Amino acid sequence: MSAELIDGIVAALLAGLAGAVIFSLLGLVSGTDETATLAPLTLAVVLLGVPPAGVLTFFIAGAAAKHMTHAVPTTLLGIPGDTMAIALMEEANSLRRLGVPHIALRKMVSAAVLAALIAVPVSVLAASALATIADDLKSVVPYLFPVIAIAIAFLSKGRWASVIALVPLTAMITGLNSFVTAETGKGLAISFFVGLAVGPMIVDLVGLSSPLTRAGLLRDRRPTFWLAPETDSGGGSGGTRASKNPLKVLSRSEATTTATAATVTSLTFVVSPLAMAILVGDIVGSRVKHAYQRLTRVISVRNGVTDSTYLAETLIPLVAVGLPLSPIAAGAAAPLFNAPPVFTVGGDGVELENLHTLLSPMQFLVYALMGVLIAALIAYPLTVTYARRAAVFVARRLSHEAVVGAFAGLVLVVAMYEGGFYGVVVMLTVGLVGGVLNKVIGMHVGVQCMAYYVSVLSVPVLLG
């Protein structure tokens with residue numbers, strides 16, 4: 001075994017462990033958006049010089065862990081654990097009213113483990129097949145990116161409004177980058193990306209200085225949370241051995257349906273995970289007549305699909321072409337593609353250099369599976385054993401504002417690192433504009449990041 005291979009495995013284990021622990025805990029905090037958390041921390045890992053194997057494993061472990069522990073606030077508190085959990089709220093609330101939130105929790109987490117283990121090999125296999133036409137894809141990328149950006153925008157909540165907003169947003173990004181390049185001699189990338197990633201957060205923070213906005217945030221009492229009691233069958237400290245095994249939590253029909261849905265959705269990489277989870281859940285639910293069985297099967301399938309599509313939208317573009325051709329690749333997973341000066345998607349005479357060129361398909365398979373397994377070993381027992389106690393601690397002791405402030409500080413440091421004063425100005429500008437577009441017309445972060453890539457990869461060619 002070569003020293004390089006040993007170094008890669010050690011880096012993957014350590015980084016995967018860090019990602020699993022960090023995002024297992026973040027998943028317990030309701031409302032923590034994946035892009036606003038995964039992207040900045042992954043970017044920090046890249047810029048710290050962690051080897052490629054460690055970078056990939058950190059991201060995969062973090063994404064998989066968060067899609068497990070986000071089930072805790074979703075099922076026990078009735079609050080979406082993150083953006084992906086929005087698709088699960090109807091079933092989660094119904095099962096909580098039936099008095100079985102612990103059953104919903106265990107089935108969500110088990111389905112996430114099963115779907116992630118299926119998604120990685122299926123996605124890498126699909127990407128390897130797609131890689132046979134990678135050269136053709138790269139030659140048409142300047143013309144393909146605007147088409148993909150329009151498609152992703154139309155599939156967002158904003159529909160045609162998002163499509164229309166692509167034009168001025170791309171023009172603004174192009175103009176800002178040209179101005180900064182003229183002033184400093186180099187363009188910016190990280191500041192644009194993190195600004196867009198945390199845009200809604202920036203809008204909320206800036207809104208605190210407005211009397212109109214601040215008046216709507218005032219509260220005359222502390223929020224009240226209702227939690228179901230701990231039970232042995234709910235995976236508490238007295239849980240049975242079967243409850244600790246995700247393969248025994250799902251019924252045969254639930255496991256079969258979840259595995260089938262995960263396999264099919266792992267072949268897609270353009271439709272957003274949230275939209276795919278809603279669509280597949282509706283299809284599955286329409287085929288089950290018994291109310292309780294329909295609820296448990298739909299919530300299992302939907303959580304599995306959010307995980308499988310999330311991983312597929314990361315791995316297929318990354319392994320096949322190394323360009324962010326999906327909403328997740330352009331959003332939360334963007335640092336895996338573009339994190340100058342370490343990773344770059346190329347353009348303007350610069351060669352593409354990122355995980356696509358640094359890892360082979362077999363390495364992607366091995367390290368991604370390591371990430372999923374590490375996340376399962378950390379997040380699954382944490383969730384089924386300490387879910388209620390963790391939810392109580394989060395609700396009573398952990399300030400959501402503190403989490404927001406921590407990530408705001410991280411974004412500020414990253415922008416200063418790349419461009420100094422100009423980096424901060426760019427980050428605030430695109431963050432405010434992007435955040436308003438997100439909140440007002442439903443133009444999500446993945447669409448906005450596609451505007452950045454169109455500006456960098458397509459505009460110079462189309463105008464040249």
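A polar contact is a pair of N or O atoms within 3.5 Å. Keep that cut-off handy for the exercises below, which work through a predicted model.

**Exercise 1: Asn354**

Find out where Asn354 sits, whether it is buried or exposed, and which backbone oxygen its side chain reaches.

*Solution.* Start with the place: Asn354 is in the loop between helix 17 and helix 18. Next, check the accessibility. Asn354 has a relative accessibility of 0%, so it counts as buried. Now follow the side chain, which reaches the backbone oxygen of Gly322 at 3.0 Å. Finally, look at who else is around. Leaving out residues up to four places away in sequence, Asn354 touches Gly322, Leu336, Phe337, Phe343, Thr344 and Val345.

**Exercise 2: the loop with a cis bond**

Stay in the loop between helix 17 (334-337) and helix 18 (355-358), and work out what kind of peptide bond runs from Pro340 to Pro341.

*Solution.* First locate Pro341, which lies in this loop. Then read the omega angle of the bond from Pro340 to Pro341: it is near 5 degrees, and the bond is cis.

**Exercise 3: Thr383**

Which helix holds Thr383, and which backbone oxygen does its side chain reach?

*Solution.* Thr383 belongs to helix 19, which covers residues 361-397. Its relative accessibility is 1%, and because buried means under 20%, Thr383 counts as buried. The side chain of Thr383 reaches the backbone oxygen of Ala379 at 2.6 Å. For the wider surroundings, again skip residues up to four places away in sequence: Thr383 touches Met68, Thr69, Val72, Leu105 and Val109.

**Exercise 4: Arg159**

Look at the backbone of Arg159 and say what its phi is, then decide how exposed the residue is.

*Solution.* Arg159 is in the loop between helix 7 (134-155) and helix 8. Its phi is positive, about 50 degrees, even though Arg159 is not a glycine. As for exposure, the relative accessible area of Arg159 is 43%, so it falls in the partly exposed group.

**Exercise 5: helix 8 against helix 21**

Describe how helix 8 (residues 160-184) and helix 21 (residues 445-463) pack, and sort the residues of their contact by class.

*Solution.* Take the geometry to begin with: the angle is about 60 degrees, and the axes are 9 Å apart. That makes helix 8 oblique to helix 21. The crossing of the two is right-handed. On to the residues. Helix 8 brings Leu166, Leu169, Thr170, Ile173 and Thr174, which meet Val447, Gln448, Ala451, Tyr452, Val454, Ser455 and Val459 of helix 21. Sorted by class, the contact has 8 nonpolar and 4 polar residues, with no charged ones.

**Exercise 6: helix 6 against helix 13**

Repeat the job for helix 6 (residues 101-130) and helix 13 (residues 252-265).

*Solution.* Here the angle is about 40 degrees, with the axes 9 Å apart. That makes helix 6 oblique to helix 13. The crossing of helix 6 and helix 13 is right-handed. Helix 6 contributes Lys107, Ala111, Leu114, Ala115, Ile118 and Val122 to the contact, and helix 13 contributes Glu254, Ala255, Thr258, Ala259, Ala262 and Thr263. By class, this contact has 8 nonpolar, 2 polar and 2 charged residues.

**Exercise 7: the whole chain**

How many helices and strands are there in the chain?

*Solution.* The chain has 21 helices and 0 strands. Of its 464 residues, 56% are buried. Among contacts with a separation of 6 or more, 78% join residues 24 or more positions apart.

Technical notes: Residues are numbered from 1 along each chain as its sequence is written. This is a predicted model: local features need pLDDT of at least 70, side-chain atom pairs count only at pLDDT 80 or more; totals for chains, interfaces and linings use all residues. Side-chain values use heavy atoms; hydrogens and water are left out. Axes are lines fitted to C-alpha atoms, for helices over the stretch in contact, and angles run from 0 to 180 degrees between N-to-C directions. Helices (H or I, at least four residues) and strands (E, at least two) are DSSP runs, numbered from the N terminus. Angles under 35 degrees count as roughly parallel, over 145 as roughly antiparallel, 65 to 115 as roughly perpendicular and the rest as oblique. A crossing is left-handed if the near helix is turned anticlockwise from the far one by less than a right angle, and right-handed if clockwise. Contact means heavy atoms within 4.5 Å. Ala, Val, Leu, Ile, Met, Phe, Trp, Tyr, Cys and Pro count as nonpolar, Asp, Glu, Lys and Arg as charged, and the others, Gly among them, as polar. Buried means under 20% relative accessible area, exposed over 50%, partly exposed in between (1.4 Å probe, protein chains only). A polar contact is a pair of N or O atoms within 3.5 Å; within protein, one must be able to donate a hydrogen and the other to accept it, and residues adjacent in sequence count only if both atoms are side-chain atoms.
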